[in-house]
Every structure is written in C-alpha cells, then in structure tokens.
Amino acid sequence: MPIRLFRLSLRFVLPLALVLGLFAYAVVPLVDNMTLHWFMRDLDARSQSLANALQEPLQEYVPQHAEKKINQLFERSLRDERLYAMGFCDSAGKLLYKTVTYPPSLGCNVHSKDAKKASLVRFPQGSLHVSESALENNGQYLGKLILVHDMSFIEKRSADTKKYIIVLFAMMAVVISLITVIVAHLSWRDWMSSVKSILRGEIGPRPQQRSTPPEVRPLEGDLRVLLHELNIERRAQDDVTHLWTPEKLRTLLREELAGDEILVVSNREPYLHSRTRKGIEVQRPASGLVTAVEPVMRACSGTWIAHGSGSADRETVDRNDRVPVPPSNPSYTLRRVWLTKEEEQGYYYGFANEGLWPLCHIAHVRPVFRSSDWDQYVMVNQRFADAVIKEARTDDPVVLVQDYHFALLPRMVREVLPKATIITFWHIPWPNPESFGICPWREEILEGLLGSTILGFHTPFHCKNFMETVDRYLETRIEHEASTISYGGKLTQVEPYPISIAWPEPNIIQPSVAECRAVIREEHGMPLDHLLAVGVDRLDYTKGIIERFQAVERMLELHPHLVGKFTMIQIAAPTRSSLDEYQNFEARVRMLVQRINSRFSSGNYQPIILKAEHHDAQQVNRYYRAADVCMVTSLHDGMNLVAKEFIAARDDERGVLVLSQFTGAARELHEALVVNPYHIEQSADALYRAVTMPEMEQRERMRSMRALVKDFNIYRWAGRMLLDAARLRQRERITTKIRSHSRKSLRRVV
Ligand code: F6P
C-alpha cells in the first residue's frame, strides 16, 4: 500500500518538479540581468554626483598643476567603500593624476571624449564599473575625470539572489507537491470508494448518492449499464436453461435423478392443523423456509418430515403419522414427528433459538448455551434422523436437510445410509470463526454438518465464513478452488445457492392493484392518495423493526408536511413468544409505536399501525399490492424473502423497496434503495425518497428486479442443488463401478 501510494504521488510530483525546475532555469538569468541593470544605474548616479562634487576643486587645482592637492582630494574621495580608483586625463588624453589602485591597463581610452558614459569592464581581479566626466572651465575643456567603482559586491548579491530564487522555487515545489498530493489522495479515495460502491451496487439514484463526487457521476451510468450487461451474461452462462419452472424441475428429477426419492427434513411443517371454534383449520406458518421449499416439494413430490406442532395435527395424520398435502390438491406427503414439551423447549426454543440463532445473526443479543438444551438438541436430531431412515425406501435417497435445527442430522443419517445424497441448506447467516468459536459444541456441529454431500448457504460470504470456521476448529483438507472439505475420507461440497420464491406463482388469482390500494386504504380510513409503507416480518429482534419505526419518526420530523399523509403498516407475526428475549422485544416495539403515534397522530390518523398477528399469504399479498413502499430493514438476514415476495406481487411495476444492506437479498436486488438500518437518518432519507419517487423511476427499478427474481426463482435454487447432487451421484456411481471392476480383475489375476 505505501509503495502504491508513493508511486501515485510521484505521478503528480515529478511533472510538477520538472515544470518548476524549467521555470527557475528561465527566471534566474532574467532576474540576474534585471538586478545588474538596477545596480549599474545606481552606480551611474553615484559616479555622476561624485564627479559633480569634484568639479569645483578640480577646476581650481588642474590649471595650477597642484598635484599634491589633487592626490589628497582623490585619497579623500576614495574613502567611499565602493569607489575603487580615480584618475584624471588631460585634454590630450594623457593620464596626469591617478590613485595607486587605478588599473594601468585602463589608461584614458575608456569612452569617447565628450560622453558621460559608464561601462562594465572585466579585469582579472573582477568586474569594475568605469565612468568618465568631462572637466571644463569657462567653456574650456580641461580633461576628464575617470571614476572606477568595485562591482564585486554586485556579483556577490547576484549570486545570493540566484540562490534565494532556487531555494524559493524548491520550497514552492515542496509545498505545491504536498498540497497536490493531499488533495489528489483525498479525491482519489472518494472516487475509488464511489466506484467500488457502484460495483457493489450500492450507488444508484439512491440516498447515499449525495456523497457521490460529481467527477464520478458521468461514469456511474456507464458502470451500471456495464454491470447489468455482465450480470445478464453471467446469468445466461451460469444457466443453460433460462427460466426454471416446476415442470423443468420435474423433468430434471426424472432425467438426472432417475426418479430417485426426495426427502425433506425441517423443523417447521408446511401445513399446521389447528383446532378452532369453527373446527379444524389449516394454516401456513410465517416462515421463509416454508415459502421457499413448499413449491419445490409440490413439483418433486416425495416426503417432507417436520415437527407436528399444530393443535389438531395428531388428529389429521394416518397411523404412520403421514398426511397428504396440500390439503386442497395433494402432491406430496407430510410426515409429522412428535416432540414432548420438554424436547421442544430444549431443542427448539433453547439450543436452536437461544443459542444458534443469536450466534449466527450477530444482532447484539447474547447467545445462551445450556447443556440440558444441547442434550435435547442431540436427541431430537437423532429422532428426526431415525424418521428419515425409516421413510427412505432405498439405500440412496436424496435428503434435503433444512436449517440450523438439524446441524447433527446429516452425519447421523450418513452413518446408516452411507450412499444417501444429503443436501443441507443453512437458511441463516454463518458468522466468522471467532464468533462461532464461542459455541461450546462447535466441533460437534461442524462434524455433524460435514456429514452432508452438499452444504449450501445463501451467499459466497457465508460459505467463506464456514470454510474458515472448519479450518480453525477441525483437522480437515480444504480445497478452496473446488470449494470442498474432506473430512474422515468423505467430501462435502460447500456452495452458495441464493434462495428465492416461486415464480410463476401457481394458479394465483389476486385482486387488481387498484382494488388492493382502494380496499386497504378504506379498511384503515385513509383517503385514496394516502402514502403507505408496509413491513412484513416475524416479530424478531433481527428484523430491524425498531430501527424501521425510528426511521419513520425521523422522516416525519424532517418532512412535517407528510404528517397525516403517510402511514406505515407493520404486519408482525408473533414468533417464539415463550422466550424472554422475544417478549421483551415485543414490549419495546409496542412502546415505541405508542410513543411515535402519540407524537404525530390526530383524529383517526396514526403514522404507524402495528398488526401483531398472523396473516396468511393472500392477505399479505394484498398489502404488498396496496403499498407505495415496502421496508425490509433486517439487522442481519440470510436472504429475506419478503423483499422478493413484494417484488413478485408488483405486476404493475410500481412500488419501491427499501432494503437493508445486511440481507442476502441486497446482493441481488441492486435497484432497491439499499440502506444501513443502523443509520436512522439514512433510512429516513431513503423512505422519503421512496414515497416521492417518480413513477418512471419506480417502473424502471421494479422491472429490472422483477426480471431478476423471475429468473432466479425457487425452482432454480432447488434445481441447481439437485443438478449438483445428480452430478455427484453420477460420479460416485462411476467410482464405485470402477472400484468393483478393479477388485474383480485383481481377484482374477490372483
Ligand atoms: O430464517 C430462518 C428460518 O428458518 C426461516 O426460514 C423462517 O422464516 C424462520 O427461521 C422460522 O422461524 P420459526 O420456524 O422458528 O418460526
């Protein structure tokens, strides 16, 4: 870095030093001549006044031939320190009187007779200034007085002047260079960080843009176009088939996996049966995981093994604890696993959600690790592993393990079904090795996960964190280029698979955007042109709900004309409510809403409406379609599918997404207004920008994001994992064949 900085500085300093050097070279003789000229004029004047003063006595002494008096007069005059010698020549040009210092070679032929001239004469002892003045008496020419001044002091001064000029230029060069280098570095740093931001997709016409240096702005458009083109090219190369559909996924299963059975394991079940006053009702849980995996299961059939947590779940299964789903049009099997209260408490609430969840999210909530929770976690993982083994009809099923609830399960299954292809997807972020290192059972968790054939994360960054963690705490062989980890003779492929949502959403009939806008506003007593932002989250401390409300408050402070005209509706599904941390969080959220509302509400108007209850997918969709803005401000999130759901819902190509930079989604959705949710002012600015964004700009951004989500849908997510699995299975089969073939040949030889 210092060498690069030094080289960069030289680029500015060298030409500057060269120009200043040339300038000094030209200026020195000029200044020299000028000062010489000034000094000569000065000496001329002095010579003239001395000659005038000597006129009178010489007019008297010369006719008298009073040599002694003349010599005395000359000696007295010579006391002037600059006057070096004097002489007097008669009218015939003969040197009659002179001081001893008078240069013999000078004689009387200095200048023409009558002119009062002066000149610079070079003698071996140095330069002398010689001037002559005619002496006359009553009109009669008596001769001329010659005055010789020492010029050596002038030469000395001229040399000094040269020295000063050179020093002055050198100092100027240093000062100008320093200023130039500092200014250049500051500008360079700004330019670099702006260009980097553009490349990362952080700069578009978005709130941070005010800090984009004007010099970089002309580049911004070009860079964004270039990035977009690159993205498209990469996507096209990355994936031969452009659009992944359920049909395409089914074909893949048939052709690449030869109809192999698919088993999914997750804690959360896709359908809960609950007993209500109206009888048994089916519910879809608020879960990103379920949103993503369910359409894949519809396409692949197979069996989904999950915790049966609904109050009427037991009543709806067969004697093998299975129920065909979706209830309206069954296409796969849900196999429920039952947990006792104690098991659920230790494994789900305790180890998974008080330990691993805060450990991986780094949202400033301390993880809690209890041995009793860990014991339950191990036991429940074994229970689910047993269920997988029992459900498997073959010895090599494809098992899709979901999330942090089952870190140990891949190894448990592998031990019994060594030929199974186990794909584990970690739906939450993976922290850096230091953060993960505080988990007392870190080695066991890593070993458990390395039972997987493929281990997937949302982003390359999480993959990198995982590889580094393994490198830190286990004895393994890691191939970074191939992204594989070899542990105990088995290979695990670690890959990023950014999760998404279903697109096209199968058979969904939804009210028009205009209708949703009108109905939702009417339901809340708002006029049709009322500005509306929505937030849709589980009531979880990682989602940045408090920061989001603070941004709303700040925006209303900064733009008071929006008070009464803007509302944020927050749909917050209750979650993990038996945990203290979640209860406290809910209380804080409610208090904040109350405080902000009491500041700005009047009559029926409230700036924030908190709906802390479960909403089904269709209800949520109406809000997405009715809103002007959707706010996703997670403090840390693996992907965040709300962002993608909002985009999918906006077939009118309107609406603005404000998106936290700490979500996996921000790595893909560059046309969102990306914010740091901890920076309240920035989020407030982005929100204001969102509610005032011209329709044209909304359309442009939304169109581009919709194209991306459409291409990178959930079928592609699953398809890519299954394709990778198919490739690995194929390789494994070939290796096994080769091995058995070579064994047979060996036996024949022996
Ligand atoms: O983000 C990880 C995740 O498993 C999501 O898939 C899901 O939204 C959430 O956590 C589920 O929470 P829970 O099942 O605990 O309600």
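**View A. The loop that holds Pro 326, which runs between β10 (322–325) and β11 (332–337).** In this predicted model, Pro 326 is joined to Val 325 by a cis peptide bond, for which omega is about -10 degrees. The view is centred on that bond, with the strands β10 and β11 on either side of the loop in sequence.

**View B. The surroundings of the ligand, with the residues that form its shell.** The ligand is surrounded by Arg 268, Ser 287, Gly 288, Leu 289, Tyr 348, Trp 357, Asp 403, His 427, Ile 428, Arg 538, Thr 575 and Arg 576, and these shell residues divide into four nonpolar, four polar and four charged. Oxygen atoms of the ligand take part in several pairs that can be followed in this view: one lies 2.8 Å from a backbone N or O atom of Gly 288, one is 2.4 Å from an N or O atom in the side chain of Tyr 348, and one is 2.9 Å from an N or O atom in the side chain of Arg 576. Of the 390 Å² of accessible area that the ligand has on its own, the protein covers 91%. The elements that contribute two or more residues to the shell are α6 (288–300) and α8 (341–361).

**View C. Arg 576, a residue of the ligand shell, in the loop between β19 and α16 (580–600).** The backbone of Arg 576 has a phi near 45 degrees, which is a positive value in a residue other than glycine. With a relative accessibility of 9%, Arg 576 counts as buried, and its side chain supplies the N or O atom that lies 2.9 Å from an oxygen atom of the ligand.

**View D. Ser 483, in the loop between β15 (477–479) and β16 (484–487).** Here too the residue is other than glycine and has a positive phi, in this case near 60 degrees. Ser 483 is buried, and its relative accessible area is 16%.

**View E. Helix α5 (residues 246–256), with its buried residues Leu 249, Leu 252 and Leu 253.** These three leucines lie on the same side of α5, because they cover an arc of only 95 degrees around the axis. The exposed residues Arg 254 and Glu 255 are carried on the face of α5 that is turned away from its buried side. After the helix comes Ala 258, whose phi is positive, near 45 degrees.

**View F. Helix α17 (residues 617–626), with the buried residues Val 620, Asn 621, Tyr 623, Tyr 624, Arg 625 and Ala 626.** The elements against which these buried residues pack are the helices α14 (513–523) and α18 (641–649), together with the strands β18 (531–538), β19 (566–573), β20 (608–611) and β21 (629–632). At the N-terminal end of α17, Asp 616 acts as a cap, with a side-chain oxygen that lies 3.1 Å from the backbone nitrogen of Gln 618.

**View G. Asp 32 in helix α1 (residues 2–64), shown with its contacts from elsewhere in the sequence.** When its neighbours within four places in sequence are left aside, Asp 32 is in contact with Ser 158 and Lys 162. Although Asp 32 and Lys 162 are 130 residues apart in sequence, they are 7.3 Å apart in space, C-alpha to C-alpha.

How values were computed. Residues are numbered from 1 along each chain as its sequence is written. This is a predicted model: local features need pLDDT of at least 70, side-chain atom pairs count only at pLDDT 80 or more; totals for chains, interfaces and linings use all residues. Side-chain values use heavy atoms; hydrogens and water are left out. A residue is near a molecule or strand if one of its heavy atoms lies within 4 Å of it. A polar contact is a pair of N or O atoms within 3.5 Å; within protein, one must be able to donate a hydrogen and the other to accept it, and residues adjacent in sequence count only if both atoms are side-chain atoms. Accessible areas come from the Shrake-Rupley method with a 1.4 Å probe; for residues, only the protein chains shown count as cover. Helices (H or I, at least four residues) and strands (E, at least two) are DSSP runs, numbered from the N terminus. Ala, Val, Leu, Ile, Met, Phe, Trp, Tyr, Cys and Pro count as nonpolar, Asp, Glu, Lys and Arg as charged, and the others, Gly among them, as polar. Buried means under 20% relative accessible area, exposed over 50%, partly exposed in between (1.4 Å probe, protein chains only). The arc is that of the directions from the helix axis to the C-beta atoms. Contact means heavy atoms within 4.5 Å.
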